[in-house]
Every structure is written in C-alpha cells, then in structure tokens.
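Here are some short exercises to work through with the model open beside you. Try each task before you read its solution.

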Amino acid sequence: MICAVRRGLSLGRTTKSFGRGSNLVVVENIPVVHCGGCHESYITAETARELDHIRKNRRSLGKAKRVLVASFKKSAA
Ligand SMILES: [Zn+2]
C-alpha cells in the first residue's frame, strides 16, 4: 500500500525477519520503495508474492548461517 503523499520516492534494499523460533527466516536484499513524505517503506505486490514464496520454501531456498539474534527485554510501558 502506497500512501497518498508519495513524495521523494527512493528505492532501497532492506532485511526483514519472518516467523520465530525454528520457523524464523531472515530475508536479505528485499527491494523497497521509501517514501520521503511519510518516511515509510513499502514493498510492491510482486515483491510481496516473492517474499511469500521464499517464506514457504525457506527450507530449500534458505542457507543456514550463524546469526546473532537478540531479544528486546524492555516493555513499551
Ligand atoms: Zn508516504
């Protein structure tokens, strides 16, 4: 979903994680569109479909890497 502002759009790449525990998968180099108006980043419908594909096939598409996973301890209150 792209907002109404759509000012100063720029393309970038980001890394996101999906799932948790043994279902956790980290996807790098996800293409995103960054909106300079609201400072939100968006992915296209095509990218969302590809992400879905990667998540469903993470066992075959993913490579096991040693990563540090930190857990945020403090609550928002
Ligand atoms: Zn925006």
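**Exercise 1. A valine and its surroundings**

In which strand does Val26 lie? Once you have placed Val26, describe its surroundings in this predicted model.

Solution.
- Step 1: Val26 belongs to strand S2.
- Step 2: List the contacts, leaving aside neighbours within four places in sequence. Val26 then touches Thr15, Ser17 and Val67.
- Step 3: Check one of these pairs by its backbone. Thr15 and Val26 are 11 residues apart along the chain, and 7.1 Å separates their C-alpha atoms.
- Step 4: Classify the residue. Val26 has 14 C-beta neighbours inside 10 Å and so counts as partly exposed; the partly exposed class lies between the limits of 12 or fewer for exposed and 20 or more for buried.

**Exercise 2. The elements in order**

Count the helices and strands, and write down their order along the chain.

Solution.
- Step 1: The protein has two helices and three strands.
- Step 2: Read from the N terminus, the elements follow the pattern β-β-β-α-α.

**Exercise 3. Building the sheet**

Work out the strand order of the sheet, and then find which strands stand at its edges.

Solution.
- Step 1: The three strands form an open sheet in the order S1-S2-S3, and their pairing is antiparallel.
- Step 2: S1 (10–18) and S3 (41–42) each have a single partner strand, so one side of each has no neighbour in the sheet, and these two are the edge strands.
- Step 3: Take the pairing of S1 with S2. S2 covers residues 25–34, and eight bridges join it to S1 in the antiparallel sense.
- Step 4: Follow the register across this pair. Ser10 faces His34 in S2, Gly12 is opposite Val32 in S2, and Lys16 has Val27 in S2 as its bridge partner.
- Step 5: Now take the pairing of S2 with S3. These strands are antiparallel too, with two bridges between them, and Val33 stands opposite Tyr42 in S3.

**Exercise 4. Two hairpins and their positive phi angles**

Inspect the turns of the hairpins, and pick out residues with a positive phi.

Solution.
- Step 1: In the hairpin of S1 and S2, six residues separate the strands, and Gly19 in the turn has a positive phi of about 75 degrees.
- Step 2: The hairpin of S2 and S3 also has six residues between its strands, with His39 in the turn.
- Step 3: Recall the background. Most residues other than glycine have a negative phi.
- Step 4: Look at His39 against that background. Its phi is near 60 degrees, a positive value in a residue other than glycine. His39 sits in the loop between S2 and S3, and its 9 C-beta neighbours inside 10 Å make it exposed.
- Step 5: Turn to Asn29. Here too phi is positive, near 60 degrees, in a residue other than glycine. Asn29, however, is found in strand S2. Asn29 is exposed, with 7 other C-beta atoms within 10 Å.

**Exercise 5. A helix across the strands**

Where does helix H1 lie, and what span should its 12 residues have?

Solution.
- Step 1: H1, residues 45–56, lies across S1 and S2, and runs at about 180 degrees to S2.
- Step 2: At 1.5 Å a residue, 12 residues should span 16 Å. The rule multiplies 1.5 Å by one less than the number of residues.
- Step 3: The end C-alpha atoms of H1 are 17 Å apart, which agrees with the expected span.

**Exercise 6. Burial and overall shape**

Is the chain buried or exposed in its parts, and how does its radius of gyration compare with that of a compact globule?

Solution.
- Step 1: Begin with S1. None of its nine residues is buried, so S1 lies largely in the open.
- Step 2: Go on to H1. The count of buried residues among its 12 is zero, and H1 is hardly covered.
- Step 3: Widen to the whole protein. Buried residues make up 0% of the 77 residues.
- Step 4: Compare radii of gyration. The protein has 15 Å, whereas a compact globule of 77 residues would have a value near 11 Å.
- Step 5: Add the dimensions. Along the principal axes, the C-alpha atoms fill a box of roughly 40 × 35 × 15 Å.
- Step 6: Finish with the contacts. Among those between residues at least 6 apart in sequence, 47% join residues at least 24 apart.

Conventions
Residues numbered from 1 in each chain as written. Predicted model: local features only at pLDDT ≥ 70, side-chain atom pairs only at ≥ 80, totals over all residues. Pairing = 2+ DSSP bridges. Helix = DSSP H or I, 4+ residues; strand = E, 2+ residues; numbered from the N terminus. Contact = placed C-beta atoms within 7 Å. Axes fitted to C-alpha atoms, helices over the stretch in contact; angles between N-to-C directions. Rg over C-alpha atoms; globule rule 2.2 N^0.38 Å.
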